[in-house]
Amino acid sequence: MTIVLGAIADDFTGATDLANNLVRGGMRCVQVIGVPNTPLDLSNVDAVIVALKSRSCPVEEATADSLAALEWLREQGARQIFFKYCSTFDSTDKGNIGPVADALLDRLGVTQTVMVPAFPINGRTVYQGHLFVGDRLLNDSGMQHHPLTPMTDADLVRVLSRQTSHTVGLASRTTLAKGAEATRQHLDALAAKNVRHVICDTVDDSDLDVLAEATVEMPLVTGGSGLGQALPAQYRKQGWLAEIAEPGRLQPASGSTLVVSGSCSRATLAQVADFLERHPGAGFALDPVALAEGDKQWEQALAFSFERLEKNAPVLIYASADPEKVKAAQAELGVDRAGLLVEEALSQLAVTLVNEGVGRLVVAGGETSGAVVSALGISALRIGEQIDPGVPWTQATLANREAPLSLALKSGNFGSVDFFTRAFEVLA
Ligand code: ADP
């Protein structure tokens with residue numbers, strides 16, 4: 001069997017979120033970080049997700065990176081291409097969703113794609129082309145204040161029309177309610193009128209099923225990870241995908257456990273507090289101001305970790321701090337320097353401790369995860385079982401480690417309050 005689905009994701013944690021849904025749908029998934037420059041063994045893999053950093057970068061860079069990913073995925077034989085973006089349609093009038101979708105369509109030589117950002121179980125729905133977060137319109141959901149991609153308009157037909165010179169249309173709930181065949185006919189009728197991008201309503205999971213069935217033969221689909229939940233069943237119906245008993249099965253985990261956290265999101269702060277309450281004395285707090293003064297605090301953190309790991313005791317190294325502390329550090333060091341000092345310290349600790357036998361690693365924070373993965377020299381992750389929505393265990397092969405490293409990469413606001421404890425319980 002060849003690769004069925006090749007996905008291009010505009011950020012790292014979004015890629016994992018999609019991969020997680022595909023595994024839950026029954027596909028064996030590998031996530032690669034950027035386009036691989038060495039050959040990859042993709043036997044026993046049904047879907048590959050290329051994680052890019054193309055959400056907020058200049059549009060030329062986003063389209064060039066996405067096209068490179070497309071070429072690579074086609075070389076791997078992917079039958080369908082999925083352009084994955086955020087369920088809140090994070091973009092600006094310059095892009096990057098419209099220009100990237102246009103570039104991919106042009107390269108594939110096709111004239112139409114669908115846009116399905118919704119993820120109903122996470123409260124992201126679309127009705128009459130308007131995106132809702134819970135019961136609020138997108139532009140009243142908090143997303144209007146996003147620092148990089150403020151979303152001030154909930155009408156996605158209008159939003160996307162500002163990002164592309166091509167015609168944007170709508171597949172409304174009324175059409176979806178008539179089923180996949182009617183939806184397909186509607187898409188064809190729109191194509192006959194040169195409608196290139198079709199924003200799709202999605203009120204609940206049954207709409208995702210209809211959309212997946214209607215679009216399974218489209219060379220390119222685009223959307224959030226919700227659509228990824230519905231596609232595998234259609235691939236099986238087409239005979240492209242076998243029934244796979246345990247698509248998220250990883251090799252047995254080995255080695256000691258470690259949690260590092262550079263996330264200051266509200267959910268992470270509660271997870272840190274919960275872990276410290278359950279495991280008194282298991283935490284070591286890093287402070288960027290102290291890190292800026294030299295290696296002393298980093299060395300103390302390392303010594304602390306060694307001592308506990310030797311006794312097989314749990315360890316959490318964290319820079320996570322409440323907003324006042326973060327602001328104070330940023331005022332003293334600058335936002336970028338404070339962040340870099342923390343990312344550097346946590347990733348170097350992770351590298352050193354993995355070399356010394358840590359084999360199960362939880363990382364909290366999107367940027368922090370990126371820094372740790374890159375410091376470890378990881379280029380591909382096999383996706384395993386879900387710990388919490390959007391966060392699966394993964395495994396990576398490292399050059400200097402015989403057994404694979406088990407990794408859980410948690411973006412800030414994800415995960416239940418006991419995540420740092422439960423993650424290891426889920427991992428058999
Ligand atoms: P999240 O997923 O919660 O947004 P990230 O890791 O993406 O987490 O981002 C958190 C950022 O904050 C990182 O750049 C990290 O280095 C930085 N940071 C962490 N702790 C502190 C701190 N105590 N003071 C200042 N910056 C910090």
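Reader: What makes the lining of the largest cavity a mix of nonpolar, polar and charged residues?

Author: In this predicted model, the lining consists of Asp-10, Ser-54, Arg-55, Phe-83, Asp-90, Asn-96, Ile-97 and Val-100. Asp and Arg count as charged, while Phe, Ile and Val count as nonpolar. That's how you get three nonpolar, two polar and three charged residues.

Reader: How do you know how many cavities of 30 Å³ or more there are?

Author: A search of the whole structure turns up one. The volume of the largest cavity is about 40 Å³.

Reader: Why is Asp-17 called buried?

Author: Buried means under 20% relative accessible area. Asp-17 comes in at 13%, so it counts as buried. You'll find Asp-17 in helix 1 (residues 12-25).

Reader: What does Asp-17 touch, leaving aside its neighbours within four places in sequence?

Author: Phe-119, Ser-225 and Gly-390 are in contact with Asp-17. Also, the C-alpha atoms of Asp-17 and Pro-389 sit 8.1 Å apart, though 372 residues separate the two along the chain.

Reader: Which residues have the most contacts inside the largest nonpolar core?

Author: Leu-286 and Leu-361, in a core of 80 residues. Helix 13 (residues 335-355) gives the most to this core, 10 residues.

Reader: And why do you say where this core lies relative to domain 1 and domain 2?

Author: Domain 1 (5-237) and domain 2 (256-427) both contribute residues, so the core lies between them. There's also a second, separate core of 44 residues, with Ala-62, Phe-83, Phe-89 and Val-168 among them.

Terms used:
Residues numbered from 1 in each chain as written. Predicted model: local features only at pLDDT ≥ 70, side-chain atom pairs only at ≥ 80, totals over all residues. Heavy atoms only, no water. Core = buried A, V, L, I, M, F, W, Y, C linked by side-chain atoms within 4.5 Å. Buried < 20%, exposed > 50% of the residue type's maximum accessible area, 1.4 Å probe, protein only. Helix = DSSP H or I, 4+ residues; strand = E, 2+ residues; numbered from the N terminus. Domains from an automatic or database assignment. 1 Å grid on protein atoms, 1.4 Å probe; cavity = no way out; pocket = protein on both sides within 12 Å on 5 of 7 lines; lining within 4 Å. Points joined across faces, edges and corners; volume = space filled by probe spheres on them. Contact = heavy atoms within 4.5 Å.
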